[in-house]
Amino acid sequence: MNWLSNSSEVVLTAYHPSSTHGKAGQDGKRDEQASPGSRRSGQPAMNHGSSPRSTRRPPLDRSGSQDSLDELSLDDYFTEIQNINETSNSSQEEKDDVVFKEPDEGELEEEWLKEAGLSNLFAECAGDSNESIVLLSTLTRTQSEAVRKRLDTLSQTMRKKNKPHQVPDVREIFNQDGHSKGNQSDENGLKSSNGSCNSTDPLKETRNDKTIISDVKENIGSFEDIPETAINLEVSFAEQAANLKDTSKGKKQGDKEDDTQLPNFRLQKDKTGNTKIGDLAAQDMKKVYSLALIELTALYDILGTELKQQKAVKIKAKDYGLFGVPLSVLLEQDQRKVPNTRVPLLFHKLISHIEELGLLTEGILRIPGVASRVKNICQELESKFHEGLFNWDSVKQHDAASILKLFIRELPQPLLTAEYLKCFNSVQNLPTRKQQLQALNLLMLLLPDANRDTLKALLEFLQRVVDRRQANKMTLKNVAMVMAPNLFSFHGSRLKANEQSELTMAAGTANVMLLMIKYQEILWTIPKFIVSQVRQQNIENQRKQSKEKAMKKLLKKMAYDREKHDKPDKNICEADVPQGVIRVQAPQFSKVSMAVQLTEDLKASDILSRFLSQESGISQNLKTDEICLYEIGGNIVERSLEVDTYMKDLFQLNPSAEWVIKPKPNT
């Protein structure tokens, strides 16, 4: 196997066509025929490359994240681990291990500040801190405490090491005296119902938990009034946890909710529209990333759980082929053939092929394909797939499912990334299901686009498998058990685990997998409090510029055809628009503008329907689900609107925005 240099920092293993497989999957039904003893054997997650352990099942300790998983249900997990072991042990000598580096003292905090967009608070960039000041001015109290904690640790470390550059005293960043007094709590908090922040001096103290809750009471009620099954996106998750901690001091330490039931969690309706991942422009998504990292850290700090990112040593990775190739390289290859591809073509084709044959086959994903066939198919795919010469007609469902899982395991970096895999795993340690979901929501925002898009395609496919559980006998728990080893285990991680910790890891990772499948619609939503902080950052940045420069900058960021749009708009100004009326433009459809009267019940879907009903040379085949109304400019760069968005409420939130109808990106 020829290895070529790549910018990727970590590699697991590429597909080795020369390797010989064990007996796993030779009849395609070994899983069903295995004896109880053999089905209970397996390796710990993240260590399946080591020597096989005894087939004896360790005793089950029903604690923590294992509450919802009985002993029998873990059989699928350990059977999958055993299948992975037997197909990888024969080529073990050809694989390079992923070695994770333990960060030096202070290195973790320095890297965290860089990732959070606060690197100019230290080192050579300390003098130019405008962007950091704007970001800090929009933080909640718990978010500010998370930043303060990392700055304190880094400052102490630098002094110990006598580094030439200095980290500013934390009191220069946060006014501790003012913070303790709590007499200016409205300056950095959510001043309006949308959760946006307002600050005249970012160096002053941030607000406390009670202020944050009271700010939104008028529109959403107090935190205690929100139904237990509702996910509140208006208020910072860390602030919610801090408030819950204050109001439940009588509860015994360590008490956990009953994990045997999975609540019907739902998102609260937002009249200004929920924001899905992919709805915002790249400029605003960069701000979302920084805020999500700070918020996740603050949440873990409040809950007393350690949050550590990992770093892998730099080793070589393939830069061609299908298996063992970084996602970014795969997408570069695929986009030459199919522009705007966001999920690897092979991955998409495997899912499509399994679904073409139907998802009614019993044990799909659980029963492995025939090892010899899988090996031959992978070899043929490598040589024929990109040329379009591969014949899919003979590929059986179980074989395709095995190749799909193999593709995930062979990625040079885990699909959940080397940096955040441990963070995903640690979600199981959080006290409640709601907090676990909140942490997963934030982690999704931290994934690179390629990883997140591929994970989304996978989870949506797994849900479709579960939807047909009556026929295929694959319940949500079965699917989670089978898929968890493929996402959370890889050969290079040398974690030592005794038998009891194997069970804990099995149950914990399967629970996290279960949450990602069941509640995925929630996980793809950007919390409103983060979108509000993004809006406020944009407002603060605009205040530092002249109105003319700010407008030019916003116009440059608009993604639609300006040539067609500018000419008819020269004579249009705000004075031409009557009060309570907005102008909706559709330059890509040769529509100059459409005046729309705002009413309490007017939704984005109403505007789209009205647009399609008018004869403007628009194709009669154009459907409502192929176009979208966008909010552009004002306090947001660009945002795609949900059809249920109430336009009058959104207009009041962003009166300077323009409203543009454009085709959806995937149409």
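Me: How many helices and strands does the protein chain have?
Reply: In this predicted model, the protein chain has 28 helices and eleven strands. Buried residues make up 55% of its 667 residues. The chain exposes about 29,600 Å², with carbon and sulfur atoms supplying 47% of that area.

Me: What share of the contacts in the protein chain joins residues at least 24 apart?
Reply: Taking contacts between residues at least 6 apart in sequence, 76% join residues at least 24 apart.

Me: How do you know what span helix H16 should have, and what is found between its end C-alpha atoms?
Reply: Helix H16 covers residues 397-410, which is 14 residues. The expected span is 1.5 Å times one less than the number of residues, and for H16 that gives 20 Å. The end C-alpha atoms are 20 Å apart, so the two agree.

Me: What makes H16 largely enclosed by the rest of the structure?
Reply: Buried means under 20% relative accessible area, and 14 of the 14 residues of H16 are buried, so the helix counts as largely enclosed.

Me: Is threonine 454 buried or exposed, and how do you know?
Reply: Its relative accessible area is 1%. The cut-off for buried is under 20%, so threonine 454 is buried. This threonine is found in helix H19, residues 449-467.

Me: Which residues is threonine 454 in contact with, leaving aside neighbours within four places in sequence?
Reply: They are Leu327, Arg342, Val343, Pro344, Phe347 and Leu415. Closer along the chain, a polar atom of the threonine 454 side chain lies 2.8 Å from the backbone oxygen of alanine 450.

Me: Why is the pair of phenylalanine 265 and tyrosine 519 called edge-to-face?
Reply: The structure holds eight aromatic pairs. In the pair of phenylalanine 265 and tyrosine 519, the ring centres are 5.3 Å apart and the planes meet at 65 degrees. Centres must lie within 6.5 Å, and planes over 60 degrees apart count as edge-to-face, so this pair earns the name.

Me: What parts does that pair tie together?
Reply: Phenylalanine 265 sits in the loop between helix H11 (237-247) and strand E3 (266-267), and tyrosine 519 in the loop between helix H22 (499-518) and helix H23 (520-523). The pair therefore ties together parts that are 254 residues apart in sequence. Both phenylalanine 265 and tyrosine 519 are buried.

Me: What makes phenylalanine 385 and tryptophan 392 an edge-to-face pair?
Reply: Their planes are 85 degrees apart, with 6.5 Å from centre to centre; the angle cut-off is over 60 degrees. Phenylalanine 385 has 14% relative accessibility and counts as buried, as does tryptophan 392 at 11%.

Me: Which residues form an aromatic cluster?
Reply: Phe323, Phe347 and Phe407 form one.

Me: What is notable about phi of asparagine 340, and is this residue buried or exposed?
Reply: Phi of asparagine 340 is near 65 degrees, a positive value in a residue other than glycine. The residue lies in the loop between helix H13 (327-337) and helix H14 (345-356). Exposed means over 50%, so at 69% relative accessibility asparagine 340 counts as exposed.

Me: And how do you know whether leucine 365 is buried or exposed?
Reply: Leucine 365 has a relative accessible area of 0%, so it is buried. It lies in the loop between H14 and helix H15 (371-384), and has a positive phi of about 80 degrees although it is not a glycine.

Me: How many disulfides does a search of the whole structure find?
Reply: Zero. Cysteine 423 counts as buried at 1% relative accessibility, and cysteine 628 counts as buried at 4%.

Definitions and conventions
Residues are numbered from 1 along each chain as its sequence is written. This is a predicted model: local features need pLDDT of at least 70, side-chain atom pairs count only at pLDDT 80 or more; totals for chains, interfaces and linings use all residues. Side-chain values use heavy atoms; hydrogens and water are left out. A disulfide is a pair of cysteine sulfur atoms within 2.5 Å. Buried means under 20% relative accessible area, exposed over 50%, partly exposed in between (1.4 Å probe, protein chains only). Helices (H or I, at least four residues) and strands (E, at least two) are DSSP runs, numbered from the N terminus. Contact means heavy atoms within 4.5 Å. Accessible areas come from the Shrake-Rupley method with a 1.4 Å probe; for residues, only the protein chains shown count as cover. A polar contact is a pair of N or O atoms within 3.5 Å; within protein, one must be able to donate a hydrogen and the other to accept it, and residues adjacent in sequence count only if both atoms are side-chain atoms. Rings of Phe, Tyr and Trp (its six-membered ring) pair if their centres lie within 6.5 Å; planes under 30 degrees apart count as stacked, over 60 as edge-to-face and the rest as tilted.
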